[in-house]
Amino acid sequence: MDRFNQTSPVVGFILLGLSAHPRLEKTFFVLILLMYLVILLGNGVLILVTILDSHLHTPMYFFLGNLSFLDICYTTSSVPLILDSFLTPRKTISFSACFGQMFLSFAMGATECVLLGMMAFDRYVAICNPLRYPVVMNKAIYIPMAAGSWAAGITNSVVQTSQAMRLPFCGDNVINHFTCEILAVLKLACADISMNVISMVVANVIFLGVPVLFIFVSYVFIIATILRIPSAEGKKKAFSTCSAHLTVVVVFYGTILFMYGKPKSKDPLGEDKQDLSDKLTSLFYGVVTPMLNPIIYSLRNKDVKAAVKNLVHQ
């Protein structure tokens with residue numbers, strides 16, 4: 001029977017995960033669990049030092065604390081489900097739980113895109129207008145900037161998730177993914193999803209395109225300003241204040257571009273390999289990137305290193 005003519009409503013979904021590759025499941029269970037623990041520890045420590053160390057009570061570290069909290073929320077919305085799927089072949093999830101997880105992941109991902117743009121603006125003001133930095137980036141400015149990032153991400157998630165929830169799901173209920181990833185779920189709808197696709201394209205332009213353009217323009221001015229600094233030591237010091245953020249941006253957006261920008265295989269055998277590749281890339285984006293963020297900031301930032309040492313020795 002044609003899928004669009006079926007009327008039996010779907011009350012839950014089945015997550016395939018890596019059930020087609022059982023040998024990989026145990027290996028990835030251990031790897032993802034260890035990475036998740038590193039994420040909780042690393043980002044938790046960063047949040048603590050940005051709160052407890054008075055030297056880190058600046059806009060940059062306020063944004064960093066938000067980024068760390070966001071990474072914990074993002075991974076917690078999906079990693080427990082991923083770990084469970086490795087232990088339970090064809091893991092079942094209720095309709096409401098699926099869309100709840102989708103909402104949280106979507107909200108955190110969109111918020112991070114905007115927050116990275118706000119952090120780029122902070123670095124732009126610090127390097128290009130250092131004398132005006134205390135005036136421009138005061139509490140009345142940077143706290144609303146962070147709050148606006150969260151509000152924008154949550155609003156976008158409400159729109160996308162509510163639109164997806166209104167679709168009828170009355171045919172296949174098998175999601176070929178670890179989690180309730182929105183594109184994988186939309187494929188199962190037995191109705192026209194063109195409005196959902198248009199809405200997502202608009203959201204991608206706003207939450208991916210605009211922040212990337214903003215970050216790019218900010219760093220053009222930042223690099224131009226650094227190159228005008230006469231001393232090599234001055235250039236090194238200026239670049240060190242934004243190198244961690246730039247590294248995080250490259251890892252974050254680079255993974256997204258790789259995940260969604262690569263060409264699709266038309267060969268049936270190639271599709272199976274690409275399917276596995278897509279899942280593992282998604283896993284990298286969802287787990288490895290949040291794990292790297294505190295490591296990058298710890299390795300590339302003397303203030304954070306000193307604050308962590310002080311916290312350990314207390």
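A polar contact is a pair of N or O atoms within 3.5 Å; within protein, one must be able to donate a hydrogen and the other to accept it, and residues adjacent in sequence count only if both atoms are side-chain atoms. This is a predicted model: local features need pLDDT of at least 70, side-chain atom pairs count only at pLDDT 80 or more, and totals for chains, interfaces and linings use all residues. Residues are numbered from 1 along each chain as its sequence is written, and side-chain values use heavy atoms, with hydrogens and water left out.

**Exercise 1. Describe the surroundings of H245.**

Step 1: place the residue. H245 is found in helix α9, residues 232–261. Helices (H or I, at least four residues) and strands (E, at least two) are DSSP runs, numbered from the N terminus.

Step 2: check its exposure. Buried means under 20% relative accessible area, exposed over 50%, partly exposed in between (1.4 Å probe, protein chains only). H245 has 3% relative accessibility, so H245 counts as buried.

Step 3: list the neighbours. Contact means heavy atoms within 4.5 Å. Leaving out residues up to four places away in sequence, H245 touches L116, M119, A120, Y219 and Y297.

Step 4: look for a polar contact. The side chains of H245 and Y219 make one, at 2.7 Å.

**Exercise 2. Find the disulfide and say what it ties together.**

Step 1: apply the cut-off. A disulfide is a pair of cysteine sulfur atoms within 2.5 Å. A search of the whole structure finds one.

Step 2: name the pair. C98 is joined to C180, S to S 2.0 Å. The link of C98 and C180 is left-handed, with -130° about the S-S bond.

Step 3: place both ends. C98 lies in helix α4 (residues 95–128) and C180 in the loop between β3 (174–175) and α7 (182–186), so the pair ties together parts that are 82 residues apart in sequence.

Step 4: check exposure. C98 is buried at 0% relative accessibility, and C180 is buried at 2%.

**Exercise 3. Explain why C242 has no bond to C128.**

Step 1: take the distance. The closest cysteine sulfur to that of C242 is in C128, 9.2 Å away, too far for a bond.

Step 2: add the exposure. C242 is buried, with a relative accessible area of 1%.

**Exercise 4. Compare the annotation with the helix content of residues 205–227.**

Step 1: read the record. The unreviewed UniProt entry annotates "transmembrane region" over several stretches, including 205–227. Positions follow the numbering used here, feature names are shortened, and annotations may be inferred rather than shown by experiment.

Step 2: read the model. Residues 205–227 are 100% helix and 0% strand, with end C-alpha atoms 31 Å apart.
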